[in-house]
Amino acid sequence: MCPQILPVPVHPEGEPSATALAARAALDPPVPVDTLGRRFYVEWDPHSPVTPMGQLVFFAQFLAAGGLYADWVSRCPLQFTSPNAPKIPDVLGTWVLATLSGAWRYAHVTALRGDSVNPPGLGMKKVVSEDSLRRAFEDEDAAALATWQTQALAAVYESGLDQPWICDLDVTIKPIFGHQEGAQIGYNPRKPGRPSHAYHTLFVRRLRLALDVEVHPGKEHAAMHGMANVWRVLDRLPIHRRPWLLCGDTGYGNERVMVDCESHHQKYLFRQRGTVKVRQLIRALEQRGGWTRFADGSEAIEGQLQLTGWTRKRRVVVLRRRREPGGQPVSSALLNWPEAQVVRTPEYEYQVLVTDMSENLATAVALYRQRADAENVYDELKNQWGWGGFTTQDLLRCQVAARMVALVYNWWSLFVRCAEPERPREAITSRPLLLHAIGRVITTGRQTILRLTSSHAEAAHVQRILTDLSLFLSGLMNAAEQLTSSERWQRIWHRILQPLLAPTAALPAPSG
């Protein structure tokens, strides 16, 4: 006999009420589901306080201990006048939850709206709708938003820049599949002819933190369009926290960028294109001889170069590596080089670097090869975070979204390093390990218990490292109540940097 199906009361807007859904779920019988191994009887429980991101509670504790999240929310320049407008903490908290969950479209926020466990940990009342999130920054003051976001980014990384560090500069192209503002046809190696935006970015090498990102129309992909923002970011830093070296690919190896670096007394290391005069220099150095050979079989030599339009000669380092038999070039991945520039056919492939460094050949070569890791950061931000999505009609909200993703990415990266300083991880492995676990809230008396169940094979290891991290953060919050939030953040940074401060990881001290 079929069970009686009762009508479900709805709100005036047409959505079923919460009470009605609960009543309907209680009346519906279990659904038998036959699988390959056994039969299950499926019941729905729409109102139990559970979340698939149960371990986010430790990330929320990390943000609370550092004081950065509360300060970020309090400084937000948004001002809603409508009584029906969402609350600012709910909007910003939804951004954080969506980014952490791996969302890259506003529509993906809908999957989070039933989470009643995590929002209170971020000072939220609820998860807002995708429309509220999409419209939140529409027609707002671009300058005020830029100041707020860049200050939040700086508050994350400044305490970690007391040691000499290298700043990697790069541009990535984001294809656009609509008629958005700034969607122009420019350089687009993945999808030629497709309109795009250009993301000009600064990274901290090894820590893989994003200092800032600036979104430009597709035709403004050349490095010079992002240099004004580079100097804005770096000039805000105290002298002792500025980078020891700027490193970039061929887009940055031009007169304008190098003159800017020299006027700022900033060391640089850029790659050169294989122009006619560069090839002439290589032929001259081949005839001169005196190459320095390295253990991996590559060789290097230095010389002086002045291209047309340059105001003076500059030091260049030329790298070469013998081709494999048969004339096929050695894979750039095997060389650990960002890319290989072939400028001569006989038997070698070459790379030419221009620099004002005084360090030896081996140091210059090693430092540029390490730049390849910047491509891994771009890959992570575009494919594992939200830089490949969150597209709106206006360029302002695309810019806001890019910096939002960069901020949450920085927070999560430092959280992962703080949990296990010896082993940094990308989001594709750190989220399943340190974020995903079924969390169920149980209230007994005056205590609220969050019971976690993880299906990860390393669940026991995760329990140990997250417990250790929680004890460390609790010690900062409770046993050292006299510490300010900035002092607590400095102690968190000290824990993160300990594995990186080994003598082998040190760079030469800045001169002057």
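**Salt bridges and a sheet**

User: Is Arg208 buried or exposed?

Analyst: This is a predicted model. Arg208 has a relative accessible area of 16%. The cut-off for buried is under 20%. So Arg208 is buried.

User: Which residue forms a salt bridge with Arg208?

Analyst: Look for a side-chain carboxyl oxygen within 4 Å of a side-chain nitrogen of Arg208. One pair has its N and O 3.6 Å apart. The partner lies in helix H12 (residues 373-383), while Arg208 sits in the loop between strand S5 (196-204) and S6, so the pair ties together parts 165 residues apart in sequence. The partner is Asp373.

User: Which residues are linked with Arg208 in a network of salt bridges?

Analyst: Start from the pair Arg208 and Asp373. The network holds this pair and two Glu residues. The residues linked with Arg208 are Asp373, Glu380 and Glu426.

User: How many residues apart are Arg320 and Glu299?

Analyst: Arg320 and Glu299 form a salt bridge, with the closest N and O atoms 2.7 Å apart. Arg320 belongs to strand S11 and Glu299 to strand S10. The pair links distant parts of the chain, and the separation is 21 residues.

User: In what order do the nine strands of the open sheet stand?

Analyst: Begin at the edges, where each strand pairs on one side only. The edge strands are S6 (209-217) and S9 (292-293). The pairing is mixed, and the order is S6-S5-S4-S7-S8-S12-S11-S10-S9.

User: Which residue stands opposite Leu353 in S12?

Analyst: Leu353 lies in strand S12 (residues 348-355). Eight bridges join S12 to strand S11 (residues 314-322), and the two run antiparallel. Leu353 also has contacts beyond its sequence neighbours, among them Leu269, Val316 and Tyr368. The residue opposite is Val317.

User: What is the relative accessible area of Leu353?

Analyst: Leu353 is in contact with residues including Phe270, Arg315 and Ala364. Helix H9 (residues 276-288) lies across S10, S11 and S12. Leu353 counts as buried, and its relative accessible area is 0%.

User: What angle does the direction of helix H11 make with that of S11?

Analyst: Helix H11 (residues 361-369) packs on the sheet. The strands it touches include S4, S7, S8 and S12. With the direction of S11, the helix makes an angle of about 75°.

User: Is Val31 buried or partly exposed?

Analyst: Val31 lies in strand S1 (residues 31-34). Val31 forms a nonpolar surface patch with Val33, Phe40 and Trp44. Its relative accessible area is 34%, so Val31 is partly exposed.

Definitions and conventions: Residues numbered from 1 in each chain as written. Predicted model: local features only at pLDDT ≥ 70, side-chain atom pairs only at ≥ 80, totals over all residues. Heavy atoms only, no water. Patch = residues over 30% accessible without salt bridge, like charges linked within 9 Å, V, L, I, M, F, W, Y side chains within 5 Å. Areas by Shrake-Rupley, 256 points an atom, 1.4 Å probe, with all protein chains shown as cover. Helix = DSSP H or I, 4+ residues; strand = E, 2+ residues; numbered from the N terminus. Buried < 20%, exposed > 50% of the residue type's maximum accessible area, 1.4 Å probe, protein only. Contact = heavy atoms within 4.5 Å. Pairing = 2+ DSSP bridges. Axes fitted to C-alpha atoms, helices over the stretch in contact; angles between N-to-C directions. Lists of a residue's contacts leave out its neighbours within four places in sequence.
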